[in-house]
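Let's take a walk through a protein model together, one piece at a time. Keep the picture at hand as you read.

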Amino acid sequence: MKKNDLIAAIAAKENCTKKDAEKAVNLVLGSLTDALAAGEKISIAGFGTFEIRRRESKTCINPRTKEKMTTKACNVLAFKAGKALKDAINPAE
């Protein structure tokens, strides 16, 4: 699902215009981005948890040239699915 598909689905379910649905989606995504950029952890009950984790630099070997190289330290986004989302994806048989 792409952003436009999400906007169309929200507009259909809530019986509102696509413009209003797009405004709501942009507000939510903007708020989530701002919170993560500020280093906050985001927990959405029934869906999951988003957080920023620090990946330190490390030494590795380029498999093609066998040359040692060092990766840069960086921040990475981590997501852990909540129980309700896991259950929706893998329904009990």
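How many salt bridges does a search of the whole structure find? The search finds two. Before we visit them, keep in mind that this is a predicted model. As background, side chains of opposite charge can pair when their charged atoms come close.

Let's begin with the pair formed by D87 and K83, whose side chains meet in a salt bridge at 2.8 Å, N to O. Look for both residues in helix α3, which covers residues 83-89. D87 and K83 are four residues apart there, which is about one turn of the helix. How open are they to the surroundings? K83 is exposed, because its relative accessible area is 60% and the exposed class starts over 50%. D87, with a relative accessible area of 39%, is partly exposed.

The other salt bridge joins the side chains of R53 and E51, with a distance of 3.1 Å from N to O. Here R53 counts as partly exposed at 45% relative accessibility. E51 is partly exposed too, and its relative accessible area is 23%. That value stays out of the buried class, because buried means under 20%.

Next comes the sheet. Which order do the strands of the open sheet have? The order is β1-β2-β5, three strands with antiparallel pairing. Strands β1 and β5 (74-81) stand at the edges, and each has a single partner strand, so one side of each is left without a neighbour in the sheet. As you step from one strand to the next, the twist averages 25 degrees. It also helps to know that in a regular strand the side chains alternate between the two faces of the sheet.

Now look at how the strands are joined. β1 pairs with strand β2 (residues 48-55) in the antiparallel sense, over three bridges. To find one place where they meet, locate I42, whose bridge partner in β2 is F50. On the way from β1 to β2 there is a hairpin with three residues between the strands. In this hairpin, G46 takes a positive phi near 85 degrees. Moving on to β2 and β5, these two run antiparallel and are joined by eight bridges. Here you can spot R55, which stands opposite C74 in β5.

Stay with β1 for a moment, since there is something to see on the surface. Strand β1 covers residues 42-44, and I44 is found in it. Which residues form a nonpolar patch on the surface with I44? The partners of I44 are F47 and F79, and together the patch has about 250 Å² of accessible area. I44 itself is partly exposed, with a relative accessible area of 35%. That is enough for I44 to qualify for a patch, because patch residues need over 30% relative accessible area.

Let's turn to helix α1, which covers residues 3-14. Here is a small check you can follow. At 1.5 Å a residue, the 12 residues of α1 should span 16 Å, and the end C-alpha atoms of the helix are 16 Å apart, which agrees. The expected span uses 1.5 Å times one less than the number of residues, so the count that enters the check is one less than the 12 residues of α1.

E14 lies in α1 and counts as exposed, at 58% relative accessibility. From E14 to T33 there are 19 residues in sequence and 24 Å in space, C-alpha to C-alpha.

α1 is followed by N15, which has its place in the loop between α1 and α2 (18-37). What is notable about the backbone here? Phi of N15 is near 55 degrees, a positive value in a residue other than glycine. N15 is also exposed, with a relative accessible area of 72%.

K66 offers another example of a positive phi in a residue other than glycine, with a value near 60 degrees. You can find K66 in the loop between β3 (59-61) and β4 (68-70). K66 is exposed as well, and its relative accessible area is 62%.

Definitions and conventions
Residues are numbered from 1 along each chain as its sequence is written. This is a predicted model: local features need pLDDT of at least 70, side-chain atom pairs count only at pLDDT 80 or more; totals for chains, interfaces and linings use all residues. Side-chain values use heavy atoms; hydrogens and water are left out. Patches are made of residues with over 30% relative accessible area and no salt bridge: like charges are joined within 9 Å, nonpolar side chains (Val, Leu, Ile, Met, Phe, Trp, Tyr) within 5 Å. Accessible areas come from the Shrake-Rupley method with a 1.4 Å probe; for residues, only the protein chains shown count as cover. A salt bridge is a side-chain nitrogen of Lys or Arg within 4 Å of a carboxyl oxygen of Asp or Glu. Buried means under 20% relative accessible area, exposed over 50%, partly exposed in between (1.4 Å probe, protein chains only). Two strands pair if DSSP finds at least two bridges between them. Axes are lines fitted to C-alpha atoms, for helices over the stretch in contact, and angles run from 0 to 180 degrees between N-to-C directions.
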